[in-house]
Amino acid sequence: MPTAQLRSSPAPPRTGAFHEAERYRIRSVERCGLLDSGREERFDRLTREAQNRFGVMDSIISLIADDRQYLKSSTGTLPLNLPRDVSICTVTIRGEEPLVVPDLLADERFARNPYVTGAPFLRFYAGVPLRGPGGWFVGTFCLLGTEPRGLDPREYRYFEHLAREAELELNHVGDARS
């Protein structure tokens with residue numbers, strides 16, 4: 001799918017139904033058993049491959065908890081825990097499709113984000129939502145860069161392939177703990 005056609009879904013309304021769904025989603029994150037679990041080669045090999053293949057500053061596999069984003073695997077220097085309210089990946093898990101933002105500074109949803117306006121001065125983001133136990137979106141596989149860019153259709157397909165591998169790994173643990 002060409003980058004220009006990728007859009008995230010609008011944020012769901014903050015209703016009782018939203019809060020109920022968010023409780024189920026958080027339970028799914030917990031069932032993965034990976035929050036604060038440290039680095040693992042099975043995830044690190046995927047983020048290294050993505051960083052090398054796409055030539056980005058950082059490649060991340062993360063889990064989105066109630067109040068934070070935990071970086072299960074990261075090739076860059078971002079802290080292991082980021083506040084959820086500044087997490088770009090929080091927007092990604094709201095939609096069904098990958099989110100590609102060629103220039104974060106030009107997108108009003110992210111233009112004032114502290115990681116865009118300050119170090120590391122992010123400009124490019126691509127993220128694929130990852131499903132966990134029960135089919136809920138528990139996190140993302142994302143690419144981050146300091147230069148605006150997009151993904152061509154071939155890159156897009158390969159990135160989705162890597163994300164599906166990451167999803168299988170997330171659910172391997174989740175299945176074992178169910």
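These are my notes on the nonpolar cores and strand S1 of this structure. I am working from a predicted model.

**Entry 1: the cores**

I looked up the largest nonpolar core first. It holds 27 residues. I noted the residues with the most contacts inside it: Phe-54, Phe-141, Leu-143, Leu-151 and Phe-159.

Next I checked which elements give two or more residues to this core. They are helices H1 (16-32), H2 (41-54) and H5 (153-177), along with strands S1 (58-64), S5 (124-131) and S6 (137-145). H5 gives the largest share, seven residues.

I also found another core, apart from this one, with 21 residues. Val-86, Val-101, Tyr-115 and Phe-137 are among them. A general point to keep beside this: nonpolar side chains tend to be buried together in soluble globular proteins.

**Entry 2: S1, residue by residue**

Is S1 mostly covered or mostly exposed? It is mostly covered, with seven of its seven residues buried.

I then sorted S1 by direction. Asp-58, Ile-60, Ser-62 and Ile-64 point one way. Ser-59, Ile-61 and Leu-63 point the other way. Both sets are buried. As a rule, side chains in a regular strand alternate between the two faces of the sheet.

**Entry 3: the neighbours of S1**

Which strands does S1 pair with? I found S6, antiparallel to S1 and joined to it by six bridges. Ser-62 has Thr-140 as its bridge partner in S6.

S2 (residues 68-74) also runs antiparallel to S1, with five bridges between them. Here the bridge partner of Ile-60 is Ser-74. I logged S1 and S2 as a hairpin, with three residues between the strands.

Methods
Residues numbered from 1 in each chain as written. Predicted model: local features only at pLDDT ≥ 70, side-chain atom pairs only at ≥ 80, totals over all residues. Heavy atoms only, no water. Core = buried A, V, L, I, M, F, W, Y, C linked by side-chain atoms within 4.5 Å. Buried < 20%, exposed > 50% of the residue type's maximum accessible area, 1.4 Å probe, protein only. Helix = DSSP H or I, 4+ residues; strand = E, 2+ residues; numbered from the N terminus. Pairing = 2+ DSSP bridges.
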